[in-house]
Amino acid sequence: MKRGKKSINIGGIISAAVITIYTVFVLLDAFVIPRDIVRVEDIDVSRPESHSSLPPETSFFSEPETKEESETLPESQESSEEPFTEPHEPVYTDTYYSDENITINIDTVREHDTDIYIADIKLSAPSYLRAGLANGAFGRNVKAITSEIAKECGAVLAINGDFYGFRDRGYVMRNGYLYRDSMYSRDSEDLVVYADGSFEIVKETDILADELAEKGAEQIFSFGPGLVVNGEITVNDGEEVEQAMNSNPRTAIGEIEPLHYVFVVSDGRTDKSDGLSLAELAEVMKGLGCVNAYNLDGGGSSTMWFMGRIVNNPTSHGSSSHERSVSDIVYIG
Amino acid sequence: MYTSDKKGALMRLLIYIGVTVFCVVFFLVYDRFSHGVHSPFMTFMFAIPMALGVIPCGIFLAVERQPGRLTQNLWNSGVAMLTISSGLRGVFEIAGTSSDWRIALTIAGAALLMIGAIAYIAAGRKRSPNNSNGETL
């Protein structure tokens with residue numbers, strides 16, 4: 001038998017150290033370290049054909065609405081866009097907002113043992129439906145909470161977006177600028193918002209991001225799936241994967257008719273609300289009259305922000321109400 | 001000499017059983033907080049140390065020729081890399097993200113396993129007929 005001291009396994013120690021350090025790096029790179037950053041202020045987004053207004057007959061604002069229990073908005077929150085109809089003072093309550101270009105009604109319904117927040121939105125021009133990026137920049141792991149991004153953007157109403165910065169692939173176009181044109185996966189369905197405000201749900205395998213840009217895309221969201229396409233529900237519990245069948249907080253956006261949209265956010269993962277499956281969410285969107293509806297990032301990301309306050313109960317830390325930092329928002333303002 | 005080598009093999013076997021159990025516990029705990037989202041790479045992560053650690057170590061308890069330290073280091077590192085890579089992929093899939101850096105772990109882990117296996121075989125061929133103590137690389 002061998003005698004004497006047991007020698008130290010230097011090779012094993014070095015190997016363990018290298019593997020540990022590399023693993024920590026991979027995790028930090030995936031979840032923490034910001035990279036591939038493009039600042040919005042450095043981008044030339046001049047697109048003359050963008051933000052084109054629809055003919056006056058499509059406007060919902062020929063007869064401005066008023067409410068008795070209204071308040072006047074601070075000047076800083078007034079829209080900087082050119083008014084489409086005769087200007088009138090913005091009026092709002094906790095669940096209502098109206099100015100000469102935007103009308104928002106927020107309703108809370110309870111279905112499937114879940115509180116669902118529905119923002120019905122009518123616009124005078126498509127340019128009031130916009131996207132905002134965390135910290136004014138595109139990039140992996142560039143994050144901020146929805147309410148913070150909404151305030152920076154001067155939003156009236158906002159919901160979380162597709163959290164593009166959590167992935168390295170998938171088309172990303174925001175406010176007319178194509179930030180990323182790499183395909184996420186064969187099954188990826190994207191929401192395209194065109195300059196005229198119309199929605200289309202496309203598969204990344206069917207069309208290149210550049211081609212969508214040439215067709216006049218203003219926004220491309222890469223999360224999905226599409227919930228309602230051309231008036232038909234396109235998901236059901238039988239076809240969807242496990243993640244989609246589970247009840248969770250959800251965020252969705254839908255188009256009812258030209259310049260008439262809905263933002264929908266459901267609670268979930270709480271004692272009070274179970275959450276929705278994608279099929280249930282699709283039923284809700286269809287029931288609201290959506291011609292096209294699309295699932296955005298959900299779970300702890302699901303947040304609806306309206307006039308300076310959070311409408312739903314975000315659950316990013318277990319079941320406690322807490323906003324999760326996300327890459328982007330969709331907002332009205 | 002045989003007694004010592006068999007003790008080493010037994011120790012490695014126990015360690016790999018511990019790693020396998022840890023992988024199962026890690027999956028169960030992670031599963032509890034993953035809101036019903038699963039990944040086979042997380043669920044079956046335990047299979048890697050079991051198939052590439054527990055079973056080979058069990059076999060080495062029954063054979064005379066034990067792998068040397070370098071061979072062991074190469075093999076253990078390979079198993080560790082593949083196990084961690086599987087766990088990371090599970091974490092990323094459950095979170096809904098991915099990382100190209102993780103793939104390097106898989107490739108390096110597979111390469112180290114191959115090198116370790118080749119080293120063990122090559123050392124066996126080079127072994128002198130009189131060298132009955134089973135020492136390899």
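These legends walk through several close-up views of a predicted model. Because the model is predicted, local features need pLDDT of at least 70 and side-chain atom pairs count only at pLDDT 80 or more, while totals for chains, interfaces and linings use all residues. Residues are numbered from 1 along each chain as its sequence is written, chains are lettered from A and ligands numbered from 1 in the order in which they are written, and side-chain values use heavy atoms, with hydrogens and water left out.

**View 1. Strand S6 of chain A with its two antiparallel partners, S5(A) and S19(A).** Helices (H or I, at least four residues) and strands (E, at least two) are DSSP runs, numbered from the N terminus, and two strands pair if DSSP finds at least two bridges between them. S6(A) covers residues 114-123, and eight of its 10 residues are buried; here buried means under 20% relative accessible area, exposed means over 50%, and partly exposed is in between (1.4 Å probe, protein chains only). With S5(A), residues 102-111, S6(A) shares 10 bridges, and Ile106(A) has Ala119(A) as its bridge partner. These two strands make a hairpin with two residues between them, and His112(A) in the turn has a positive phi of about 55 degrees. With S19(A), residues 260-266, S6(A) pairs over seven bridges; look for Asp120(A) opposite Val262(A).

**View 2. An open five-strand sheet in chain A.** Reading across, the strand order is S7-S24-S10-S21-S22, with antiparallel pairing. S7(A) (129-133) and S22(A) (309-310) sit at the edges with a single partner strand each, so one side of each has no neighbour in the sheet. At the S22(A) end, S21(A) (residues 304-306) pairs with S22(A) over two bridges, and Trp305(A) stands opposite Ile310(A).

**View 3. A stacked ring pair, Phe138(A) with Tyr164(A).** Rings of Phe, Tyr and Trp (its six-membered ring) pair if their centres lie within 6.5 Å; planes under 30 degrees apart count as stacked, over 60 as edge-to-face and the rest as tilted. By that rule there are 13 aromatic pairs over all chains. In this one, the centres are 4.7 Å apart and the planes differ by 5 degrees. Phe138(A) belongs to strand S8 (residues 137-140) and Tyr164(A) to the loop between S10 (157-160) and S11 (172-174), so the pair ties together parts that are 26 residues apart in sequence. Phe138(A) counts as buried at 7% relative accessibility, and Tyr164(A) does too, at 1%. Also in S8(A) is Ala137(A), buried at 1% relative accessibility. Ala137(A) and Arg39(A) are 98 residues apart in sequence, yet their C-alpha atoms are 4.1 Å apart.

**View 4. A ring cluster made by residues of chains A and B.** Ring pairs link Phe31(A), Phe163(A), Phe166(A) and Phe92(B). Phe163(A) lies in the loop between S10 and S11 of chain A and is buried, at 7% relative accessibility. Its backbone has a positive phi of about 50 degrees, although Phe163(A) is not a glycine.

**View 5. Arginines over tyrosine rings in chain A and chain B.** A charge sits over a ring if NZ of Lys or CZ of Arg is within 6 Å of the ring centre and within 35 degrees of the ring normal. Arg167(A) has its charged end over the ring of Tyr184(A), 5.8 Å from the centre. Tyr184(A) is in the loop between S12 (177-180) and S13 (189-194) of chain A and is partly exposed, with a relative accessible area of 35%. In chain B, the charged end of Arg65(B) is 3.9 Å from the ring centre of Tyr120(B).

**View 6. Helix H5 of chain A, largely enclosed by the rest of the structure.** H5(A) spans residues 278-287, and seven of its 10 residues are buried, among them Leu278(A), Leu281(A) and Met285(A). Just past the helix, Gly289(A) takes a positive phi of about 95 degrees.

**View 7. Two loop details in chain A: a cis peptide bond and a positive phi.** The bond from Gly224(A) to Pro225(A) is cis, with omega near 5 degrees, and Pro225(A) is found in the loop between S15 (217-222) and S16 (226-229). Asn230(A), in the loop between S16 and S17 (232-233), has a positive phi near 50 degrees and is exposed, with a relative accessible area of 61%.
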